[in-house]
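Reader: I am new to this structure and should be grateful for a close look at how its helices pack. Please take one part at a time and connect each to its surroundings.

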Amino acid sequence: MRLPYFFAVALIFLVSAGLCLLAASFAVTKVEETSEFAVRRALDLKGHDWAEVHSDGLRVVLTGTATDEATRFNALTAAGTEVDTSRVIDEMEVAPTTELAAPRFSAEILRNDSGISVIGLIPASEDRDELIDRLSDLDSGGHVSDLLETADYPKPKGWDDAVSYALESLTRLPRAKISASPGLVKITAIADSQQEKEQLEQDLTRAAPPSLRIGLSISAPRPVITPFTLRFLIDENGSYFDACSAQDEKARAAIVAAAQEAGLTGPYSCTIGLGVPSPRWSEAAALSIRAVAELGGGSVTMSDADITLAAAQGTDTGTFDRVVGELESALPPVFALHAILPPPETDTGSGPPEFTATRSPEGLVQIRGRLGDDTQRNMVDSYARAAFGSEQVYTATRIAPDGLPMGWPVRVLTGLEALAQLHNGALRVTPDDLVLNGVSHDPDTKAHIAGLLSEKLGDAQEFTLSITYQEPTEPEDKLPDPEVCEERIAEVQAGTKIAFEPGSATVATTSRDTVNQIADILRECGPIRLEIQGHTDSQGREEMNQQLSQARAQSILNELRGRRVPTASYTAVGYGETQPIADNDTEEGREENRRIEFRLIRPEPIENPETGLDAIEAETIKAEQTDTTASDADAGDQ
């Protein structure tokens, strides 16, 4: 009886265990489903639809790829609001961080009289020490302020060309700011004259690699004129200026108008500059010019605030006194007038003391005339050899102290200094006059000499200038202007254009002579920045047209190389159908659009140049203001 009972108990136990297991399994499943649903809903509400949720018993496992670490943490937080955080298993991943973009590399170099400074961000692979050494070599003994920072990224394309060109340009520019970045260099600089500005622009343009974009902003400020000079004459040759200075356009117009009323008809030059001794300079100049006209001849020389009015030989004394009196009353207070009325000519039977010097076009100088003693002769000979060259001077002066006026050595040395500024000429010095004739290759030489003589000879001293300007002979090896080269090539293509075999980059046989003519021109032009452009019509796919135009431009570049044309500064660019010059709807128009063009790569204008040159210009402006203040003070002492 006991055995059946035991089996019954065992059976009951097994059934109960099965029921318990079934109930537990049902409960766990329910908990899993509830937890998974709750966590899924929380994640969706937070915008984490990228995360996957599945339950493993009481554990809630999160998978998926978060965009960043913050997003992953936010998803964990959202899941923890629904179930205990100890039950949340993080198996999420974070997307790998994308490579950071390289920074914008650039270097700005500022050079002035105080030294050189360089600031910016450069690649770590750049040889920084070499860069600073090259900058130091530009200004021997100068200080280089190194404010550069580095970043460990590869050098971008065009960086080396930009830095090399910037350093090369700086050798020509003592006052400049240069900004170099990959593929682009911007230059802002100050030149001493308009001629220097034009030469710098041409040299810098030629020196740039063809792949490099450049921007140029070179200014030529008004010169500081010391002394501020004006010289106007009326003689048998008519009315003309030996020198003319004005502080602005309005003053120049007033001076020229007065001169034209006095008979000026030919060409003239009147320099606008800084250093005027008085704002009323143009008023004093106009009054003085009118006074010369009223005298009927003579000259007026203005050197800062000193005015020397010299009448012509034979001027009536009464007229002279009246004109001088009226001029003295009308002049602004700061100006001082010195009037000269030459005495009547007399025949004394003997000439005045005289000193002469001549300079030939070959540079040979001969010196003759009277000097006071051996000391003066040695001084004049030494000065001449220093000014003209020791081997170029022949001295044949004599010692004759009788009749020499005070200040004779000053007059002689000043005359030689003026003669040294001429290409060739003749100097004659007497007690009453200094006459200089000759030829100069600089149009401003006559004005410079007039200012020199006015300053060195002193007040109430007369001199006569007859200086002719001649353009210097251009050297035989001078390269033609790049614009002229571009025009000559265009003329050749206007007669016979470059053609290709249909659908290919092979130059047609009939165009060989055209390419030969263009090659001859380019060999004469030397290193110019030239872009060989390929263009097509709009027939066919745009991509194919672009590739064909590039191939044809490169083909022309190769043809020029085969004809031994230096092409290091040339580049070939295909523009496809993007730049038509005629209607593509007609065969004639399509023929015009299929072409090769040769275009100069010109500097890009800097529309609003940055004020990084303030450090450079401030010194110039300060010096100009100092000169002007000093001139005002000196004039006020008159």
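Author: The following account begins with the whole protein, turns to a group of packed helices, and then considers another helix with its surroundings and some individual residues.

The model is a predicted one. The protein contains 16 helices and 28 strands, and 41% of its 638 residues are buried. Of the contacts between residues at least 6 apart in sequence, 69% join residues at least 24 apart.

The part chosen for close attention is the packing of α9, α10 and α11. Two packed helices are described by the angle between their axes and the distance between the axes. Helix α9 covers residues 374-388, and it packs with α10 at an angle of about 15 degrees, the two axes being 10 Å apart. An angle under 35 degrees counts as roughly parallel, and α9 and α10 are therefore roughly parallel to each other. Their crossing is right-handed. On the side of α9, the contact is made by Q376, M379, V380, Y383 and F388. On the side of α10, W408, P409, V412, L413, L416, E417 and L419 take part. Sorted by class, this contact of α9 with α10 comprises 10 nonpolar, 1 polar and 1 charged residues.

Helix α10, residues 408-419, also meets helix α11, residues 445-457. The axes of α10 and α11 come within 10 Å and cross at roughly 165 degrees. Because an angle over 145 degrees counts as roughly antiparallel, α10 is described as roughly antiparallel to α11. The crossing of α10 and α11 is right-handed. Here α10 contributes V410, R411, T414, E417 and A418, while α11 contributes I449, L452, L453, K456 and L457. By class, there are 6 nonpolar, 1 polar and 3 charged residues in the contact of α10 with α11. Residue E417 of α10 is listed in the contact with α9 and also in the contact with α11. An α-helix has 3.6 residues a turn, so residues three or four places apart point the same way.

A further helix, α5, may be described through its length and its buried residues. Helix α5 spans residues 194-207 and has 14 residues. From its first C-alpha to its last, α5 reaches 20 Å, close to the 20 Å expected at 1.5 Å a residue. Within α5, the residues K197, L200, L204, T205 and R206 are buried. These buried residues pack against three helices and two strands, namely α4 (159-170), α12 (482-495), α13 (512-525), β10 (184-190) and β11 (213-219).

Strand β10, one of those partners of α5, includes L184. With a relative accessible area of 13%, L184 is buried, since buried means under 20%. Leaving aside neighbours within four places in sequence, L184 is in contact with A162, S179, L212, R213, I214 and E604. L184 and D161 are 23 residues apart in sequence, and their C-alpha atoms are 9.0 Å apart in space.

Residue P603 also has a connection with the surroundings of α5. P603 lies in the loop between β27 (595-600) and β28 (604-605). P603 has a relative accessible area of 26% and is partly exposed. Not counting residues up to four places away in sequence, P603 touches T205, I214 and L216. One of these, T205, is among the buried residues of α5, and I214 is also a contact of L184. P603 and L204 are 399 residues apart in sequence, yet 9.2 Å apart in space, C-alpha to C-alpha.

Some details of the backbone in loops complete the account. The peptide bond from T226 to P227 is cis, with omega near -5 degrees. P227 is found in the loop between β11 and β12 (229-235); strand β11 is one of the partners of the buried residues of α5. Two residues other than glycine have a positive phi, D304 with a value near 55 degrees and R564 with a value of about 60 degrees. D304 is placed in the loop between β16 (298-303) and β17 (306-311), and with a relative accessible area of 25% it is partly exposed. R564 is found in the loop between α14 (542-562) and β26 (570-574). R564 is exposed, its relative accessible area being 74%.

How values were computed: Residues numbered from 1 in each chain as written. Predicted model: local features only at pLDDT ≥ 70, side-chain atom pairs only at ≥ 80, totals over all residues. Heavy atoms only, no water. Axes fitted to C-alpha atoms, helices over the stretch in contact; angles between N-to-C directions. Helix = DSSP H or I, 4+ residues; strand = E, 2+ residues; numbered from the N terminus. Parallel < 35°, antiparallel > 145°, perpendicular 65-115°, else oblique. Left-handed = near helix turned anticlockwise from the far one by under 90°. Contact = heavy atoms within 4.5 Å. Nonpolar A, V, L, I, M, F, W, Y, C, P; charged D, E, K, R; others polar. Expected span 1.5 Å × (residues − 1). Buried < 20%, exposed > 50% of the residue type's maximum accessible area, 1.4 Å probe, protein only.
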